[in-house]
Structures are given as structure tokens and as C-alpha cells.
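Open the model in your viewer and keep the sequence panel beside it. We will go from selection to selection.

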Amino acid sequence: MDPFEQIRARRDRPFPEVDLSQGRSIAYSRSMTSRIVELIDGNGHGNIHGGVILRMVDEAAAIVAMRHSQRPVVTARIERFDFFAPAYIGNLVSVHCSMNYVGRTSMEVGVVVMAEDLLKGGVRKIASSQVIYVALDEQKRPTAVPPLIPADAEEAARIKKARMRREQMRKLDEEFAKLQQEMPEV
Ligand SMILES: CC(C)(COP(=O)(O)OP(=O)(O)OC[C@H]1O[C@@H](n2cnc3c(N)ncnc32)[C@H](O)[C@@H]1OP(=O)(O)O)[C@@H](O)C(=O)NCCC(=O)NCCS
């Protein structure tokens with residue numbers, strides 16, 4: 001079997017059952033990925049291209065959503081993306097991700113991006129984001145995921161804050177939808 005057929009066969013196997021009564025903590029799905037950025041990742045100023053960081057974030061945050069739900073996921077929204085400082089070619093860029101909030105089928109992952117100069121020393125925060133994923137079933141429809149159960153008081157506070165922010169975002173979404181009706185999209 002050629003490698004592509006092998007991958008297709010693996011993907012077409014039915015997904016294992018997910019026990020929805022088994023809640024998971026934030027610590028359970030936390031992830032960190034890092035890599036040294038190369039010349040090909042840079043723009044004309046020697047900084048890393050923003051799109052490269054966006055891709056790293058989407059890949060790293062999806063790991064958290066997949067680990068929590070044990071399902072394939074799709075990115076529904078990159079809710080916010082702030083760049084605070086540039087990162088340079090040769091820096092080690094690390095993407096730290098942990099679950100903020102879990103709905104019925106959706107999951108919000110909080111992300112912090114750090115850049116480290118390995119030769120001179122020094123680490124700085126360069127970006128942060130919140131990315132929302134939706135878990136899918138075999139028919140590629142949204143499917144329920146296990147609840148997020150806090151492991152300690154710190155996790156409980158994080159979940160509470162994220163729930164309040166989601167509620168605020170829902171209100172903003174409604175206002176935005178009204179505004180969108182009144183103006184052309186492009
Ligand atoms: C994301 C997607 C599966 C949602 O499908 P849908 O039919 O709108 O699903 P529903 O209305 O049932 O919503 C499912 C959940 O997603 C959430 N959701 C859907 N669209 C969203 C958005 N744009 N932002 C935030 N959350 C969203 C809903 O609030 C709901 O959450 P809950 O179950 O936790 O309450 C669908 O819009 C899609 O496939 N989008 C394209 C995804 C994609 O290609 N991404 C890029 C590459 S991975």
C-alpha cells in the first residue's frame with residue numbers, strides 16, 4: 001500500500017468512542033511546541049513573517065483541542081491575535097497553549113507566544129491569541145466533547161474568567177452582526 005493510501009485508510013477507520021462523562025482538566029491537554037525560525041520564515045526586515053506565527057499557533061492550539069476531545073477538530077475562529085514585539089530569524093519561538101473554555105462542541109484555547117535569543121539569552125512574549133475549535137464526528141458534523149473540569153482553584157478561576165469573556169464576546173458578535181447588515185463585507 002502506498003503511503004497516501006495508508007494515511008487514507010487510517011483516517012477512514014471509525015473514531016474510538018469518547019466517554020463524555022469523563023471531564024478533563026486544563027492540565028490534561030496543555031501543550032507547548034517550539035522551533036528555531038529560519039531564513040524562509042522572514043520578511044524583508046529580518047523579522048519573522050506574522051503568517052508564520054499564525055500557522056504555528058493554529059497547529060499548536062489544535063493539539064490541545066484534539067487531546068481534550070479525542071476528535072478531529074476544525075478552526076472556527078481566531079478570536080483575537082495581538083503581536084506585542086517582533087521575533088527575529090534564528091530565534092527559538094515557543095507556542096504555549098492551554099484550554100480556556102469548553103462549550104458543547106466548541107473549545108477555546110488560550111495561546112502565548114514567546115521568542116528566545118539562544119545566543120545572547122533573553123526571552124520575551126511576542127504574541128497572544130484565543131483560538132476556537134469545533135470537534136467533528138465521522139460525518140464531519142459538530143459533536144459533543146467532554147466537559148472541562150478544574151483540577152484546582154487556579155484552573156477554576158481561569159475557566160470562570162473565560163466564561164465571562166465568552167459571554168461578552170457573544171454580545172459583541174450580536175452587535176457586529178447588526179453592523180454587518182448595514183455595510184458591504186468587502
Ligand atoms: C466550525 C463549523 C464546523 C461550525 O459548524 P456549524 O454548522 O456552524 O455548527 P453549529 O452552529 O452547530 O456550532 C457548533 C459550535 O461551534 C461554535 N461556532 C460555530 N462557528 C463559530 C465561530 N465562527 N466562532 C466561534 N464559535 C463558533 C458554536 O457556538 C457552537 O459551539 P457549542 O457547541 O460549544 O455551543 C463550520 O462553520 C465549519 O466547518 N467551518 C469551516 C472550518 C474550517 O474549514 N476551518 C479552517 C481549516 S481547519
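The stops below run from the whole chain to single residues, with the ligand along the way.

**Whole chain**

Keep in mind that this is a predicted model. Show the protein chain as a cartoon. It holds four helices and five strands. Follow the chain along the sequence and the pattern reads α-α-β-α-β-β-β-β-α. The C-alpha trace spans about 55 × 50 × 45 Å along its principal axes. How much of the chain is buried? Buried residues account for 24% of its 186 residues. Now consider contacts between residues at least 6 apart in sequence: 75% of them join residues at least 24 apart.

**Helix H4**

Select residues 153-182. This is helix H4, with 30 residues. Its first and last C-alpha atoms are 44 Å apart, close to the 44 Å expected at 1.5 Å a residue. Is H4 covered or not? Hardly: the count of buried residues among its 30 residues is zero.

**Helix H3**

Next, select residues 50-69, helix H3. H3 has 20 residues and reaches 29 Å from first C-alpha to last, close to the 28 Å expected at 1.5 Å a residue. Colour its buried residues: Ile-53, Met-56, Val-57, Ala-60, Ala-61, Ala-62, Val-64, Ala-65, His-68 and Ser-69. What do they pack against? Their partners are helix H2 (26-29) and strands S1, S2, S3, S4 and S5. Step past the end of H3 to Gln-70. The phi of Gln-70 is positive, near 55°.

**The largest nonpolar core**

Stay close to H3 and show side chains. The largest nonpolar core has 33 residues. Which members touch the most others? Pick Val-57, Ala-61, Val-109 and Tyr-133. H3, S3, S4 and S5 each supply at least two residues of this core. H3 gives the most, with eight residues.

Now centre on Tyr-133. Leaving out residues up to four places away in sequence, Tyr-133 touches Ala-62, Ala-65, Val-73, Val-74, Thr-75, Ala-76, Ser-106, Met-107 and Val-109. Two of these contacts, Ala-62 and Ala-65, appear among the buried residues of H3.

**Strand S3 and its partners**

Select residues 92-102, strand S3. The strand is mostly covered, with eight of its eleven residues buried. In a regular strand the side chains alternate between the two faces of the sheet.

Add strand S1 (residues 31-36). S1 and S3 run antiparallel and are joined by six bridges. To find the register, look at Arg-35, which stands opposite Val-93 in S3.

Then add strand S4 (residues 106-116). S3 and S4 are also antiparallel, with ten bridges between them. Here Ser-94 stands opposite Met-114 in S4. A hairpin of three residues takes the chain from S3 to S4.

**The ligand**

Select the ligand and show what surrounds it. The shell is Val-74, Thr-75, Ala-76, Arg-77, Gly-103, Arg-104, Thr-105, Ser-106, Ile-132, Val-134 and Pro-142. Which strand gives the most to the shell? S2 does, with four residues. Strand S2 (73-83) and strand S5 (123-135) each supply at least two. By class, the shell has five nonpolar, four polar and two charged residues.

**Ile-126**

Move along S5 to Ile-126. Why does Ile-126 count as buried? The cut-off is 20 or more other C-beta atoms within 10 Å. Ile-126 has 21 C-beta neighbours inside 10 Å, so it counts as buried. Setting aside neighbours within four places in sequence, Ile-126 is in contact with Phe-83, Phe-84, Ala-85, Pro-86, Ala-87, Val-113, Met-114 and Ala-115. For a distance check, pick Asp-58 as well. Ile-126 and Asp-58 are 68 residues apart in sequence and 16 Å apart in space, C-alpha to C-alpha.

**Ser-21**

Finish at Ser-21, in the loop between helix H1 (3-12) and H2. Is Ser-21 buried or exposed? A residue is exposed if 12 or fewer other C-beta atoms lie within 10 Å. Ser-21 has 6 C-beta neighbours inside 10 Å, so it counts as exposed. Last, draw a distance from Ser-21 to Val-145. Their C-alpha atoms are separated by 9.4 Å, though the two are 124 residues apart along the chain.

Key: Residues numbered from 1 in each chain as written. Predicted model: local features only at pLDDT ≥ 70, side-chain atom pairs only at ≥ 80, totals over all residues. Expected span 1.5 Å × (residues − 1). Pairing = 2+ DSSP bridges. Near = placed C-beta within 6 Å. Nonpolar A, V, L, I, M, F, W, Y, C, P; charged D, E, K, R; others polar. Contact = placed C-beta atoms within 7 Å. Core = buried A, V, L, I, M, F, W, Y, C linked by C-beta atoms within 7 Å.
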